[in-house]
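The following note sets out points for a colleague who is examining the model. It takes up one chain, then the contact between chains, then selected local features.

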Amino acid sequence: MKKDIILAGVGGQGILSIAAIIGLAAIEAGLHLKQAEVHGMSQRGGDVQSNLRLSDKVIHSDLIPTGKADMILSVEPMESLRYLPMLAPNGWLVTNTQTFVNIPNYPEKDDLMAEIEKVRNHIALDADKIAKDMGTLKSANVVVLGAASPFLDLDYQLLEKAIAMLFGKKGENVVTVNLQAMKAGRDFTLKIIKS
Amino acid sequence: MQKLLLLGNEAIAQAAIDAGLTGIFAYPGTPSTEITEYVQHSKQATEKKIRSSWSTNEKTAMESALGVSYVGKRAMVCMKHVGLNVAADAFVNSGMTGANGGLIVVAADDPSMHSSQNEQDSRFYGKFTMIPTLEPSNQQEAYDMIFYGFDLSERLETPVLMRITTRLAHSRAAVVRRSGLPQNELRLPSDLKQFILLPAIARKRYKGLIAKQENFILEAANSGFNKYLDGLNRSLGIIACGIAYNYLMENYPDGDIPYPVLKITQYPVPRTMLERMVNECEEVLVLEEGFPIIEELLRGFLMKCLKIKGRLDGTIQRDGELNPNKVALALGMEVTEGAEIPSVVVGRPPSLCIGCSHRDAYNALNEALIDYSKGRVFSDIGCYTLGALAPFNAINTCVDMGASITMAKGAADAGLVPAVAVIGDSTFTHSGITGLLDAVNDNTPITVIIADNATTGMTGGQPSAATGKIEAICRGVGVDEEHIRVIKPLKKHHEENVKTIMEELKYPGVSVIIPRRECIQTLNKRMRDKAKATQSE
């Protein structure tokens, strides 16, 4: 088993929480893990990414080679496209469609969506809307994680357990809300791949 | 033993705690910050009473650590690569004094300059100071090397440099802990003149340092961190330093490398190991993160008798960090590429936060300077350096910590009046005060803006040594009380702020303007923590 994942977003959007949930689940599953993060200047509203690598064998490089990533998991549509050179031909692109506009020359959303449509395996969902409808806008990142979960080759219960571990300190309500958010994202994807 | 999922930085910190650390000293700087933060937040460190609060700069940190070592206890100093320039005087001379208690200096290099102004290679400093240097290739090795490093430091009475790079510092992996060691007892040096570098003593110490080199090399040959892995195909030999080894292994998923490989993670490198590779292989490929140090060493002797491949002959790009692809190409392998980045994707550079006080300060400064010719604003290292970008385009220099005040002074000395310096509060106490004193002593006509957001912002909001002290420092240095002006950088005070700055630009001496408002990030965090505290009541 090997899963190389690029997590993408804008500084402050919470991709490191996604990494932490997947990481906890992977450790619980007895897998090896390496996760390279971006700290420092880029965190001030710039593009950020994290290389998350899971494997049942020893992992050497902290960085994923180009064209070898099994998945791009993005909480922002333009950021999902920035890492296409990393994605393997049969890899999945899972992205939030809600734009994060903090630059004057941000492109038209339709143009971005047209490019996302061109990627053979893709899941695009408005995670912000799904989260908001559930009354938990903050959990949009966990909705995207849920949408990616069918492709992670990780036992879903381990992801649930990881959420309980990570958010346990913040109270039972926060755990429940995030479990629902992940489930909503997962259901979105399961519906698409079954149809 | 316990297995933890740790950043490279956290692995180093945990190891130091476990290895009997007494004090850690540092100034924040990406990619090194999390080492000290981990100790600050560690319950074990608190229980063991390990000293860990921030130092004013890397030099004070290095010297304090040397003091801990002097009394026989274990100390660690952490900094980003350019921080070692600031600490260099103390660091280089610590090679001469040697250590008493174990002393490890961690320098975190930033090849590709993710968050830095250059990509200098700290291994040079290790060689320059003539002390052992460790360059771990992964998180576990980093953990283990701290135990070894403290032991080496005490056995051979020398400071030890650990050089890491961004990818190790900020990458997480599982680390197995060892059982802990107690802190050392207070034990002054057996020779109470060991740390007196008077010429007569220094000459003796230098002979001693030279004599130690042989032992340092023996350590590097026998510690087990440097490995010679033989291979049957000797058309090529590969030298892989630090994390470059991982990128090499990544290209051989089954682990079967046909060529001899020399993995280097400890310096000074034993000549015998290099000689063996050079003698037995037709060509040698050198993979090293940062500068071509080993490559240059080999070329210097052997350019004529064998082909060395690396960064100097173009086999590998001269600048920028390594990755699995660059190493694959150097090995003559094919690399895969995904689809191209669609042209619709545009860059998203970092920017000042919405609500940041620096925004209002720059808007006021730009307006105050509107009638003067452009190119008069000398700035410094911190979040406010982002004022160089649109829409502000407000500053003209960013060189090193503290250079804003001194460069403005030089420019004013040479006739550019008014000249403006923009420096943050934490950078001011780090390295700005002495420059301000120079300006006061010369009565140089400069306007110094000390943007006080009460934190060290860019590195994540650590406490600033300047908080609550700036006016007193300026007065103490000799700035005229009437020309120390505090303003509130808010939109509603814009006109007033512009007026204040314009007045001081006309003053033919040293004036200080302090735009003061808390960093929006630390403010938000404080509010969140407060809300959490009220909830749990």
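1. Fold of chain A. Along the sequence, the elements of chain A follow the pattern β-α-β-β-β-α-β-α-β-α-α-α-α. This gives 7 helices and 6 strands in chain A. The model is a predicted one, and every statement in this note should be read accordingly.

2. Overall dimensions of chain A. The C-alpha trace of chain A extends over about 40 × 40 × 40 Å along its principal axes. How does the radius of gyration of chain A agree with that of a compact globule? For 195 residues such a globule would be expected near 16 Å, and chain A has 16 Å, so the two agree.

3. Burial and contacts in chain A. Of the 195 residues in chain A, 55% are buried. Among the contacts in chain A with a separation of 6 or more, 66% are between residues 24 or more positions apart.

4. The contact between the chains. Chain A contributes 39 residues to the contact and chain B contributes 37 residues. On the side of chain A that touches chain B, at least two residues each come from α1 (15-28), β2 (32-36), α2 (77-82), β5 (87-96) and α3 (109-118) of chain A. The largest contribution to this side is that of β2(A), with 4 residues. By class, the side of chain A that touches chain B comprises 17 nonpolar, 13 polar and 9 charged residues.

5. Strand pairing across the contact. β2(A) also pairs with a strand of the other chain: 3 bridges join it to β7 (residues 171-176) of chain B, and the two strands run antiparallel. Within this pairing, A:Ala36 is placed opposite B:Ser171 of β7(B).

6. Domains of chain B. Chain B is divided into domain 1 (3-182 + 194-222), domain 2 (227-330) and domain 3 (357-522). Taken over C-alpha atoms, the centres of domain 2 and domain 3 of chain B are separated by 47 Å.

7. A mixed sheet in chain B. An open sheet of 6 strands has the order β2-β3-β4-β6-β5-β11 (chain B), with mixed pairing. Its edge strands are β2 (21-26) and β11 (266-267) of chain B, each of which pairs on one side only. At the β11 edge, 2 bridges connect β11(B) to β5 (residues 133-134) of chain B in an antiparallel arrangement. B:Leu134 has B:Gln266 of β11(B) as its bridge partner.

8. Helix α6 of chain B. Which residues of helix α6 (residues 88-97) of chain B are buried? They are B:Ala90, B:Phe91, B:Ser94, B:Gly95 and B:Thr97. Because these residues cover an arc of only 165° around the axis, they lie on the same side of α6(B). An α-helix has 3.6 residues a turn, so residues three or four places apart point the same way. The buried residues of α6(B) pack against α4 (58-70), α5 (81-86), β4 (103-109), α7 (123-129) and α10 (199-222) of chain B. B:Gly98 follows α6(B) and has a positive phi, near 75°.

9. Cis peptide bonds in chain B. Most residues other than glycine have a negative phi, and most peptide bonds are trans. The bond between B:Tyr267 and B:Pro268 is cis, with omega about 0°; B:Pro268 belongs to the loop between β11 and α12 (271-280) of chain B. A cis peptide bond also joins B:Ala390 and B:Pro391, again with omega about 0°. B:Pro391 is located in the loop between β14 (377-378) and α16 (403-413) of chain B.

10. Positive phi at B:Glu157. Although B:Glu157 is not a glycine, its phi is positive, at about 50°. This residue lies in the loop between α8 (139-155) and β6 (160-165) of chain B. Is B:Glu157 buried or exposed? With 20 other C-beta atoms within 10 Å, B:Glu157 is buried, since the cut-off for burial is 20 or more.

11. Positive phi at B:Ala454. B:Ala454, a residue other than glycine, has a positive phi near 60°. B:Ala454 occupies a position in the loop between β16 (446-451) and α18 (470-477) of chain B. B:Ala454 is buried, as 21 other C-beta atoms lie within 10 Å.

Notes:
Residues are numbered from 1 along each chain as its sequence is written. Chains are lettered from A and ligands numbered from 1 in the order in which they are written. This is a predicted model: local features need pLDDT of at least 70, side-chain atom pairs count only at pLDDT 80 or more; totals for chains, interfaces and linings use all residues. A residue is buried if 20 or more other C-beta atoms lie within 10 Å of its own, exposed if 12 or fewer, and partly exposed in between; C-beta atoms are placed from the backbone. The arc is that of the directions from the helix axis to the C-beta atoms. Two residues are in contact if their C-beta atoms, placed from the backbone, lie within 7 Å. Ala, Val, Leu, Ile, Met, Phe, Trp, Tyr, Cys and Pro count as nonpolar, Asp, Glu, Lys and Arg as charged, and the others, Gly among them, as polar. Two strands pair if DSSP finds at least two bridges between them. The radius of gyration is taken over C-alpha atoms; the globule rule is 2.2 Å times the number of residues to the power 0.38. Domain bounds come from an automatic or database domain assignment.
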